[in-house]
Amino acid sequence: MAPSLCAICKIERAYIKRPKNHAKLCRECFIRVFEDEIHHTITSSKLFYPGEKVAIGASGGKDSTVLASVLKTLNERHGYGLDLVLLSIDEGITGYRDDSLQTVKNNAVQYGMPLTIVGYKELYDWTMDEVVQTIGKKGNCTYCGVFRRQALDRGAKMLGIKHVVTGHNADDVAETVMMNLLRADLSRLSRSTSIVTGDNRSEVKRSKPLKYAYEKEIVLYAFHKKLEYFSTECIYSPEAFRGSARGLIKQLEKVRPSAILDIVRSGEDMARLVPGESPSSCGCKGQKAQAPVAAAVEEGIGGCGSTNGRTPGGEMAALDKQIRENEEYAELEVDVTKKIPKPKQGEKETQRELPIRTASAPSKGGRQVLGQCKRCGYMSSQEICQACTLLEGLNKNRPQIQI
Amino acid sequence: MTTNSTAGSSPQLCTKCRTQEATHDQRSHAVCVDCFTKFINTKSVKQLGILGKETKPPIIPNPSGSGPPQIGTRRYLLGLSLGVSSTCLLQLLHENCQFQLSKGRPAPFELTVVHIYNDTFTTPSTADSLLLPHKTRYPTFTFLSHPLSSSLTLPSIDWPSFLSALSLPPSPVPTLPTLLSSLPPSQASQSDIISLLTRHILLSLTLSTSSQALLLGHSTTAIAELTLSQTAKGRGFSLPWTINDGLLSLPNLSQPVLVFHPLRDILRKELVEFTKLTSPPLTGLIPDVEKSNNPEAHQVLNHKDLSIEEVMTRYFADVERSYPSVVANVARTSARLVRIFDEDRKGCGLCGMPMDGEGDERWRGELGEGDVGDEEGETEEGETRRREGRRWLCYGCQRSALG
């Protein structure tokens with residue numbers, strides 16, 4: 001049988017079967033079409049404006065390395081006029097981050113982009129190694145996730161940059177959609193698919209130009225472009241829920257390659273079906289052509305992407321237990337609007353009827369109001385932001401550790 | 001499911017009645033057979049009560065020609081797949097009728113039970129014989145078997161457009177095998193379209209048999225699976241129409257149909273247990289009882305032979321076993337998604353669900369446009385069809401019908 005030719009150029013021999021749609025392409029056409037699709041995402045969503053200074057959240061992993069490489073290429077090819085810089089977070093995880101940061105440093109030289117590294121130590125006075133020493137491996141991802149979100153914003157602010165791009169890919173977004181359905185978190189579901197998060201109230205906006213790019217294609221692109229990236233997973237434990245959702249979408253991808261993209265599409269559409277999330281909540285003020293913006297303090301997308309093939313564990317069991325307990329408490333609740341049976345004649349009246357308050361109480365389930373953390377000034381829907389709350393807990397334990 | 005008491009130790013008492021030995025697990029409570037059966041009954045009776053309130057008994061003219069009109073009996077249609085859930089629903093509806101009759105009251109409803117069979121593999125006589133044991137066991141209900149090919153002439157599907165999108169001539173009406181062979185060959189597409197056709201038949205039969213509601217046997221687990229599988233198929237936007245109880249309109253149907261899921265509060269594993277507890281057991285009425293009880297048992301040889309639904313069933317069998325509350329939470333939460341429809345827009349030509357204009361406008365994840373190539377004889381003509389199809393097919397139907 002004659003070797004099949006590339007479906008696009010019809011000249012070169014087909015070398016790659018695209019994971020996304022099983023099209024057979026040659027190396028050059030694959031690279032080109034991969035870049036073109038990201039260009040399409042960027043232009044149709046109007047992600048950037050000419051002259052914008054953009055920080056690429058770089059971890060040294062495949063996603064952010066490919067993002068940096070593609071953005072550099074597209075910036076030059078299409079004249080975006082972007083001022084691109086690399087922004088890395090040093091969580092302080094020996095044997096993981098110190099090595100991957102070396103990769104980012106090499107990338108900075110290769111791509112000719114300035115690199116800034118912000119450390120947890122300088123921001124919070126804690127490294128992740130120290131956090132794990134204090135609280136153990138269980139639940140440390142919560143700390144790391146909360147700290148990282150703030151760290152990227154603060155790093156960007158230090159550089160006077162208002163836009164951070166991250167390497168979240170279609171698999172990450174699909175996984176988050178499934179995960180939010182599994183843990184029945186509708187408000188996160190409504191935000192998780194937005195390509196841009198953080199609106200004009202927050203100082204730094206985030207976007208995900210690789211939102212529609214398959215993880216497998218990112219790996220292929222990195223391989224064929226011979227990009228240098230760091231592929232070791234974080235040494236601390238991952239979120240179990242994400243692992244379970246990831247396993248599921250990998251299965252679905254095998255059955256139907258388009259499934260990942262189809263989940264992203266469903267997630268985008270379902271965001272508008274969440275009660276209380278009016279279609280106009282995107283903050284784009286009716287400009288339909290512009291990318292919808294999710295007003296989110298936290299976007300609920302895990303950042304470390306190091307959870308391949310993990311099985312559900314403690315987290316799902318904990319949620320199961322919590323729901324069960326809530327149900328049991330609900331059964332114990334008394335309907336106060338029910339009529340109290342009148343005491344039988346001769347029985348002493350032990351209960352006195354109280355007037356029922358008719359004024360509606362402030363509802364708890366309303367939309368969150370974005371304010372500022374009283375301690376650090378970071379945007380927060382609570383009085384004290386998540387990072388400061390976590391730090392308070394950590395600092396309380398510190399003296400004991402030192403003894 | 002069944003709790004084994006350890007040899008030697010005294011049997012554990014039922015946590016509800018505290019008199020009989022606990023033999024079953026009811027949402028993490030050890031209960032006896034009677035309490036377990038009562039639990040299943042209560043859960044279904046509660047939903048049937050809601051259904052009874054939503055459907056008023058029909059008013060029929062006085063047979064004598066004069067005098068006041070008479071109040072008739074409610075009429076329902078039950079879709080019987082011959083699986084565990086719909087068989088349990090049949091039994092529970094029967095028990096409900098018998099209970100009312102035993103109290104000297106009239107039967108609360110008349111029931112027509114319909115089994116749709118795929119006439120590509122099954123002859124009408126085989127389908128009829130499958131229902132024989134049911135007819136004997138439930139003599140008060142009417143049983144029908146109906147071929148899947150009858151969907152090919154239903155007015156609720158836009159056949160001319162659908163056939164032209166599949167490159168089939170508009171007349172004569174194609175045979176079912178011709179139609180199915182014109183679809184993408186994957187099991188994911190085939191089974192999705194078959195379930196859509198089945199749904200169309202059930203909805204139209206509900207009207208043609210003058211039934212007031214279509215009853216479907218979906219368990220909590222089935223609704224959770226449906227939530228995730230519809231999401232995976234890109235049908236997130238129409239999810240509230242698929243999983244919620246309520247009126248459903250289809251193009252060219254004379255009136256909306258009330259669709260109801262009376263078993264939405266019972267887990268699949270509980271229904272499986274229930275099939276063994278009736279006398280005689282229901283297991284004799286379920287042809288493929290082993291597969292229904294244990295979806296993970298048969299090995300996957302090729303992922304292409306699996307449908308999205310099968311992936312979900314396998315996934316949820318595992319989740320249901322270990323974390324039943326998570327399953328219930330998914331079903332409960334997805335039921336909170338709201339239905340959005342644009343009155344100016346026509347429904348999808350195939351599934352009949354509302355089309356999502358805004359979603360199309362926002363979608364930036366076009367799947368490798370133009371590079372699908374000539375792998376399976378895909379030509380420019382194929383591309384044109386795809387573009388045409390997009391105008392009258394929803395995202396999920398485009399994916400299943402056109403690949």
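Here are a few notes on the A/B contact, one helix pair in chain A and the domains of chain B.

1. Keep in mind that this is a predicted model. Where chains A and B meet, chain A puts in 52 residues and chain B puts in 47 residues.

2. On the chain A side, the elements that each give at least two residues to the surface touching chain B are β2 (24-25), α1 (27-44), α7 (170-182), α10 (240-255), α11 (259-271) and α12 (314-332). The largest share comes from α11(A), with 11 residues. As for chemistry, this side of chain A has 29 nonpolar, 10 polar and 13 charged residues.

3. Worth a look inside chain A is how α1(A) packs on helix α2 (residues 62-78): the angle is about 75° and the axes lie 10 Å apart. Angles of 65 to 115 degrees count as roughly perpendicular, so that is the label for α1(A) and α2(A).

4. Which residues make that helix contact? From α1(A) they are E35(A), I38(A) and H39(A), and from α2(A) they are V70(A), T73(A), L74(A) and H78(A). Sorted by class, the α1(A)–α2(A) contact has three nonpolar, three polar and one charged residues. Note that α1(A) also turns up in point 2, as one of the elements that supply the side touching chain B.

5. Over in chain B, the domain assignment gives domain 1 as 1-31, while domain 2 is pieced together from 44-53, 74-357 and 380-402. Taken over C-alpha atoms, the centres of domain 1 and domain 2 of chain B are separated by 36 Å.

How values were computed:
Residues numbered from 1 in each chain as written. Chains lettered and ligands numbered in written order. Predicted model: local features only at pLDDT ≥ 70, side-chain atom pairs only at ≥ 80, totals over all residues. Contact = placed C-beta atoms within 7 Å. Helix = DSSP H or I, 4+ residues; strand = E, 2+ residues; numbered from the N terminus. Nonpolar A, V, L, I, M, F, W, Y, C, P; charged D, E, K, R; others polar. Axes fitted to C-alpha atoms, helices over the stretch in contact; angles between N-to-C directions. Parallel < 35°, antiparallel > 145°, perpendicular 65-115°, else oblique. Domains from an automatic or database assignment.
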